[in-house]
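Me: I would like to go through this structure with you. Let me ask how each label is earned.

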Amino acid sequence: MKYDIKTKQGNNYIVSDDEAWLWIEIERELGYTVQEAAEKLAKGSLDVITCMLFKAAKAENKTQMPNQKAWVLNEFESFEVVEESPKES
């Protein structure tokens with residue numbers, strides 16, 4: 001899927017969760033398999049959502065924040081899904 005991120009500074013950018021490495025990093029950091037993380041995303045887990053969005057933003061060079069907490073506290077304002085993944089439609 002693709003997500004439109006709005007920052008506290010008034011910037012917007014789009015990130016994608018399509019890269020396998022992103023999910024490997026989530027598994028390493030949070031300890032959830034892809035299926036577990038997807039279930040938590042579907043249930044609205046803010047930890048999983050912001051972890052995924054931060055890691056995607058970092059991978060796409062959209063943020064210079066060193067970690068998820070700094071990103072949430074200093075940059076992250078909101079997000080919305082702008083494109084559903086074909087495999088999830």
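Me: What makes Glu 29, Asp 47, Thr 50, Cys 51 and Phe 54 contacts of Gln 68?
Reply: Contact means heavy atoms within 4.5 Å. Gln 68 touches these five residues: Glu 29, Asp 47, Thr 50, Cys 51 and Phe 54. Residues up to four places away in sequence are not counted. This is a predicted model, where local features need pLDDT of at least 70 and side-chain atom pairs count only at pLDDT 80 or more, while totals for chains, interfaces and linings use all residues. Residues are numbered from 1 along each chain as its sequence is written, and side-chain values use heavy atoms, with hydrogens and water left out.

Me: Why is Gln 68 called buried?
Reply: Buried means under 20% relative accessible area, exposed over 50%, and partly exposed in between (1.4 Å probe, protein chains only). Gln 68 has 12%, so it is buried. Its place is helix 4, residues 68-74. Helices are DSSP runs of H or I with at least four residues, strands are runs of E with at least two, and both are numbered from the N terminus.

Me: Which label does Thr 7 get, buried or exposed?
Reply: Its relative accessibility is 5%, so Thr 7 counts as buried. Thr 7 lies in strand 1, residues 2-7. Beyond four places in sequence, it touches Tyr 13, Glu 75 and Glu 77.

Me: What makes Glu 25 and Lys 55 a salt bridge?
Reply: A salt bridge is a side-chain nitrogen of Lys or Arg within 4 Å of a carboxyl oxygen of Asp or Glu. The closest N and O atoms of Glu 25 and Lys 55 are 3.7 Å apart. The pair links distant parts of the chain: Glu 25 is in helix 1 and Lys 55 in helix 3, 30 residues apart.

Me: How do you know that Lys 55 also pairs with Glu 29?
Reply: Their side chains meet at 2.9 Å, N to O, in a salt bridge. This pair also links distant parts of the chain, with Lys 55 in helix 3 and Glu 29 in helix 1, 26 residues apart. The whole structure has 2 salt bridges. Glu 25, Glu 29 and Lys 55 are linked in a network.

Me: Why do the members of this network get their accessibility labels?
Reply: Lys 55 has 12%, so it is buried. Glu 25 has 25%, so it is partly exposed. Glu 29 has 43%, so it is partly exposed too.

Me: Where is Asp 17, and what does it touch?
Reply: Asp 17 sits in the loop between strand 2 and helix 1. At 9% relative accessibility, it counts as buried. Leaving aside neighbours within four places in sequence, Asp 17 is in contact with Met 1, Tyr 3, Leu 22, Trp 23 and Met 52. Asp 17 and Lys 55 are 38 residues apart in sequence, but 9.1 Å apart in space, C-alpha to C-alpha.

Me: Why is Glu 19 called exposed?
Reply: Its relative accessibility is 57%, so Glu 19 counts as exposed. Glu 19 is in the loop between strand 2 (12-16) and helix 1 (20-30).

Me: What is notable about the phi of Asn 61?
Reply: Asn 61 has a positive phi of about 55 degrees, although it is not a glycine. Most residues other than glycine have a negative phi. Asn 61 lies in the loop between helix 3 (46-59) and helix 4. With 63% relative accessibility, Asn 61 counts as exposed.
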